[in-house]
Amino acid sequence: MALGGFPGVIGVIDGCNIQISAPHENPDSYMNRKGYHSINVQGICDSSRRFIDVYAACPGSVNDARVWSLSTINQEIQRDYDRYFPDQTHIIGDKIYPVRFYLMPPYKGIRNLGPMEQEFNRVHILTRQIIERAFALLLQRFRRLKNLYVQDVANAALIILASCCLHNICISLNDVLAEEEILLGNVGGHDDEDDEDLEEEDEIIQFPAVMKRNVIAQQLYENRRRQ
């Protein structure tokens, strides 16, 4: 993915809360942190803002890290890592996601970061913006997704998945809205300042993944110094 100068990226992941009408069954579980009923949709996009994986099966009360752990793509990766990440490639996501060899979040703790980690986060943010733009484009193109009134949550999930497929077709046909028409906002599953609170309690530090992130950070820092 030739974006922001971050090496080895094949996709960017994030969550997006799609507002729905209150379900008849277990409505409280669909109430998200912002106070409305939603489905927390996990999307992974490529550099063209095309969705390469979408998971729309979790209520809005479920945070992005938990959605990732439940998602089909995560389970598939565990079964066949080499199929999805050849040549030590990876996806990137914001700091709610765990550090994995195939998933690179930014460093946490802004006040305690050195120049190497700060440069890593700077490039990481520039690259990660593509998923926010993908979701913003999706919502701008299919405005029904801004508030889905359906009787069955399963139908809402199908509408979301169908919209993502149509979105990809539009991208393939170069039918893209002008950049100024795409309204960016907080389309992610949560606010950045809450990431620390949403961190999974059973997070296991994977030292090879941490080392890989440090190597990338060193490479980006050296590149910056040579400029």
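Where is Leu-173 found? In this predicted model, Leu-173 is found in the loop between α5 (153-172) and α6 (195-198). With 65% relative accessibility, Leu-173 counts as exposed, because the cut-off for that class is over 50%. Leu-173 is also part of a nonpolar surface patch, together with Leu-166 and Ile-169. The accessible area of Leu-166, Ile-169 and Leu-173 together is about 310 Å².

A second loop residue is Asp-28, found in the loop between β1 and β2 (38-45). Asp-28 has a relative accessible area of 65% and is therefore exposed. Along the chain, Asp-28 and Ser-61 are 33 residues apart, and a distance of 8.1 Å separates their C-alpha atoms.

The two loop residues are listed below.

| Residue | Loop | Relative accessible area |
|---|---|---|
| Leu-173 | between α5 and α6 | 65% |
| Asp-28 | between β1 and β2 | 65% |

How are the strands ordered in the sheet, and what is the pairing? The sheet is open and is formed by five strands, in the order β3-β2-β1-β4-β5, with mixed pairing. Its edge strands, β3 (51-59) and β5 (103-104), each pair on one side only. Strand β1 covers residues 9-19 and strand β4 covers residues 90-92. The sense of the pairing between β1 and β4 is parallel, and three bridges make up the contact. Opposite Val-9 stands His-90 in β4.

Key. Residues numbered from 1 in each chain as written. Predicted model: local features only at pLDDT ≥ 70, side-chain atom pairs only at ≥ 80, totals over all residues. Heavy atoms only, no water. Pairing = 2+ DSSP bridges. Helix = DSSP H or I, 4+ residues; strand = E, 2+ residues; numbered from the N terminus. Patch = residues over 30% accessible without salt bridge, like charges linked within 9 Å, V, L, I, M, F, W, Y side chains within 5 Å. Areas by Shrake-Rupley, 256 points an atom, 1.4 Å probe, with all protein chains shown as cover. Salt bridge = Lys/Arg side-chain N within 4 Å of Asp/Glu carboxyl O. Buried < 20%, exposed > 50% of the residue type's maximum accessible area, 1.4 Å probe, protein only.
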